[in-house]
Amino acid sequence: MAAAGYAFIPSRPARANVIAIRSCRVIKISGNPKTIRTMGEHIDVDVSGILRRDMTIPQAGDALIA
């Protein structure tokens with residue numbers, strides 16, 4: 001995707017899979033509270049509030065573009 005000219009790549013982190021691409025911004029998104037606890041330092045946008053019903057989907061979208 002970076003080679004195709006993407007400005008950023010949204011990514012969900014998998015177990016011990018932290019993506020870093022120098023030529024393109026990677027935004028790591030997670031809605032899993034366990035992932036937030038264990039890999040929080042690698043997550044850019046935490047949308048786990050959707051599962052707890054503390055956050056709506058439009059609010060999560062706003063958090064992504066903020």
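These are my notebook entries on a predicted model of a protein chain.

**Entry 1: confidence**

I started with the scores, since this is a predicted model. The protein chain has an average pLDDT of 78, and 64% of the residues reach at least 70. Where does confidence drop to its lowest, and where is it highest? The low end is strand β1, residues 8–11, with a mean of 64. The high end is helix α2, residues 49–52, at 91. A note to self: low pLDDT means the predicted coordinates should not be read in detail. I kept that in mind for β1, with its mean of 64.

**Entry 2: layout**

Next I looked up the secondary structure. I count 3 helices and 3 strands in the protein chain. Along the sequence they come in the order β-β-α-β-α-α. For later entries I jotted down β2 at residues 25–30, α1 at 33–39, β3 at 45–46 and α3 at 57–65.

**Entry 3: burial and surface**

How much of the chain is buried? Of the 66 residues in the protein chain, 24% are buried. The accessible surface is about 5,000 Å², and carbon and sulfur atoms hold 55% of that. I also checked contacts in the protein chain with a separation of 6 or more: 8% of them link residues 24 or more positions apart.

**Entry 4: Lys28 and its partner**

I went through the salt bridges and found 2. One of them joins the side chains of Lys28 and Asp44, with N to O at 3.6 Å. Lys28 lies in strand β2 while Asp44 is in the loop between α1 and β3, so this pair ties together parts 16 residues apart in sequence. As a general point, oppositely charged side chains can pair when their charged atoms come close.

Are the two ends buried or exposed? Lys28 is buried because its relative accessible area is 10%, under the 20% cut-off. Asp44, at 38%, is partly exposed, because that value falls between 20% and 50%. I also looked at the backbone here: Lys28 and Ile43 are 15 residues apart in sequence, and their C-alpha atoms are 5.1 Å apart in space.

**Entry 5: Arg52 and Asp54**

I then turned to the salt bridge between Arg52 and Asp54, where the closest N and O atoms are 3.1 Å apart. The side chains of Asp54 and Arg52 also show up in my polar contact list, at 3.1 Å. Arg52 is partly exposed, with a relative accessible area of 47%. Asp54 is exposed at 56%, because that is over the 50% cut-off.

Asp54 sits in the loop between α2 and α3. Which residues does Asp54 contact, leaving aside its neighbours within four places in sequence? I found Gly49 and Gln59.

**Entry 6: Arg53**

I checked the backbone of Arg53, and its phi stands out: near 65 degrees, a positive value in a residue other than glycine. For reference, most residues other than glycine have a negative phi. Arg53 is in the loop between α2 and α3. The relative accessibility of Arg53 is 77%, so this residue counts as exposed.

**Entry 7: Gly31**

Where is Gly31? I found Gly31 in the loop between β2 and α1. Gly31 is partly exposed, with a relative accessible area of 25%. Apart from its neighbours within four places in sequence, Gly31 is in contact with Val47, Ser48 and Leu51. I looked at the Ser48 pair in more detail: Gly31 and Ser48 are 17 residues apart in sequence, yet their C-alpha atoms are 3.8 Å apart in space.

**Entry 8: Glu41**

Last stop was Glu41, in the loop between α1 and β3. Asp44 from Entry 4 is also in the loop between α1 and β3. Glu41 is exposed at 63% relative accessible area, because the cut-off is over 50%. What does the side chain of Glu41 pair with in a polar contact? Its partner is the side chain of His42, at 3.3 Å.

Methods
Residues are numbered from 1 along each chain as its sequence is written. This is a predicted model: local features need pLDDT of at least 70, side-chain atom pairs count only at pLDDT 80 or more; totals for chains, interfaces and linings use all residues. Side-chain values use heavy atoms; hydrogens and water are left out. Helices (H or I, at least four residues) and strands (E, at least two) are DSSP runs, numbered from the N terminus. Buried means under 20% relative accessible area, exposed over 50%, partly exposed in between (1.4 Å probe, protein chains only). A polar contact is a pair of N or O atoms within 3.5 Å; within protein, one must be able to donate a hydrogen and the other to accept it, and residues adjacent in sequence count only if both atoms are side-chain atoms. pLDDT is the predictor's confidence in each residue, from 0 to 100. Contact means heavy atoms within 4.5 Å. Accessible areas come from the Shrake-Rupley method with a 1.4 Å probe; for residues, only the protein chains shown count as cover. A salt bridge is a side-chain nitrogen of Lys or Arg within 4 Å of a carboxyl oxygen of Asp or Glu.
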